[in-house]
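Hi,

Here is the structure I promised to pass on to you. Please have a look at it first, and then read my notes below.

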Amino acid sequence: MLLEVLIAIIIFTVALLGLAALMLRVSAGTERSRYMSIATMLASEKLEDLIRYPSTDPVVYVPPSSVLVGGLAADKSELISCSGVTENVIYYDDVRLSVGEGVVTEVRTATDGSGNPCYYVFKHTASGAASEGSCLSAAPAVPSGTLVFHRRWMIESPVTVNTTSVANIRRITVLVKLPTSIQGGDVSFQMSALRP
Amino acid sequence: MTKHRELTGVNRGYEPGASAGLTLLELMVALCVFLILGSAAVMLVRSHVALYPSQQGQAALNIQLRNSIAQMQIDVMNAGVDYYPGVNAPGAPIGLTIQNQTNTNCFNSATRIYEASCFDTLTILAFDSIPPARPTETYDITSVNRMTLVPANATTTTAAQLAAAYKKNSELLLITGSISPDTGTPKFMTVYLSEDAVVDGSTVTIAWTPGDIVKATNLPDPSGTYTGYYNKNERYALATYPPGGYPAMTTTSTFDTTAVVLKLSPIVYWVKTTDPHNPQLVRTEKQQDAVIADSIVGFKVGAMTWGGSQSSAAGDESPTYLYDPNSYKPPYDFSLIRSVRISLIGRTAINPTSNFVNSFDGGHYRVEAVSAVVSPRNLSMHDQ
């Protein structure tokens, strides 16, 4: 009888632990889903940002000597010349998101006219104010609880479609990653768009 | 028989001296283990039950914010579509206007109520499918309240078709045929029809209320050099400065035979605060309101402009998103907008019994924010 009771307890314990693990996985899945949703939004946002530039802007220009600028495997920057303007173009940035102390803060990285990194801090307060500050040359301090997403992108031209090379079209591919690991698995999202 | 019982174990419990069941100690140990595991299970389930509605609320909030942003992305991308419906209209970048609110004292932290002045308004200038028309002569619409029009392309559109579309309360956008030297774009004005259009042979006559179009006397330009006109009944389309404001450099009152007249069908995003405890994000199209998100506590729209107040080596463009129309160069000129960032903040249902207090506004609910950058295609393509 003791053996039977112990076996029942073990079975009960195993079931209980399974249930607990399931609950943890559900929570982790929900959390990862939320981060993936943000990553999707940030990828779309970067694509929109890069579509905005005129085709002759160094930020989106692919020199005739190349078929690709930027990259997804490593942080890259290149000196690009176009229409008499030479700029050190950076093909990666960080977006930092935090909610606290009465303000939603978003920090994005871009470059100034000389290609130096610029940190723009957007603040949306509970009191109804929204503003984006001017270029900061150094990254602002990261408060605890801040989500930091890292973005890399590359621009290809000409674009090959079904083995046919199509000129005057650029394909922009953006990869968004959450560098810090979370329980539900890696957060990584990639998206592409075509533009003239 | 004895040997058989020993081998099979049958009735071993009834052997003299064998165990008759659990001892008290064994039973106590088993009960203790069961109690510990049972308590752990109950605590786990109880904590999860408390967490479940919160997670569900946050998931629902996330979904409605994403859906709202997705809807706005589609509309903003298509802003200004049908601006060139078959005629050689001026190539002005026209697609959306933003009414930024600059009140920074719109939130009551005691009652957790957000007033209407916390939220911006975004208007997407979509056009009706009816082809454009042109004036038959030069009009100064501040001195008259009637105008005769002809279809811009008489071979594809009849006067009767125009009149059928131009009903009372329709909003028409008038655009000059020439480019203004001070802005590099055409100039605009809107009129709201006070009665149905009337057909007279191959022409159509439209009418608006006398005095609708007025000359601005207090332009918000510190130098005072800008002049402009505005439609005092204008609610959204060209109203970029609340309340009922006017874009200083982009409006005019004079339209000649090269001007284009288009029927507007704008889409407006705004926050309805009729229920102060539940501000709702509303999408208005053809004067029909549709609530697309509940419990909105932040809606701001910023614009990156072409020829903005700040410049970069890559182009005369503002590197930051502007949330104050005065920052535009010139102020309030919506035709400079090339890219917008929409920032939306929502909250879950208020739960006063919850111990949770968010760090955004101190309320007993969770807060989530999303933002999206969108480039209206009809505007950015102009600069390619």
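**A sheet in chain B and the contact between the chains**

In this predicted model, three strands of chain B make up an open sheet, in the order E19-E20-E21 and with antiparallel pairing. Strand E19 (296–305) and strand E21 (367–374) of chain B are the edge strands, each pairing on one side only. On average, neighbouring strands of this sheet are turned by 15° against each other, direction ignored.

For the pairing of E19(B) with strand E20 (residues 337–347) of chain B, there are nine bridges in the antiparallel sense. If you want one to look up, Ile296(B) has Gly346(B) in E20(B) as its bridge partner.

Two helices lie across E20 and E21 of chain B. One of them is helix H2 (residues 24–77) of chain B, which runs at about 15° to E21(B). The other comes from the partner chain: helix H1 (residues 2–52) of chain A also lies across E20 and E21 of chain B, at about 25° to E21(B).

That brings me to the contact between the chains. Here 48 residues of chain A are in contact with 51 residues of chain B. On the side of chain A that touches chain B, at least two residues each come from H1, strand E3 (85–90), strand E4 (92–100), strand E5 (103–111), strand E6 (117–125) and strand E7 (130–132) of chain A. H1(A) gives the most, with 18 residues. By type, the residues on this side of chain A are 23 nonpolar, 14 polar and 11 charged.

Enjoy exploring it!

Best wishes

How values were computed. Residues numbered from 1 in each chain as written. Chains lettered and ligands numbered in written order. Predicted model: local features only at pLDDT ≥ 70, side-chain atom pairs only at ≥ 80, totals over all residues. Pairing = 2+ DSSP bridges. Helix = DSSP H or I, 4+ residues; strand = E, 2+ residues; numbered from the N terminus. Axes fitted to C-alpha atoms, helices over the stretch in contact; angles between N-to-C directions. Contact = placed C-beta atoms within 7 Å. Nonpolar A, V, L, I, M, F, W, Y, C, P; charged D, E, K, R; others polar.
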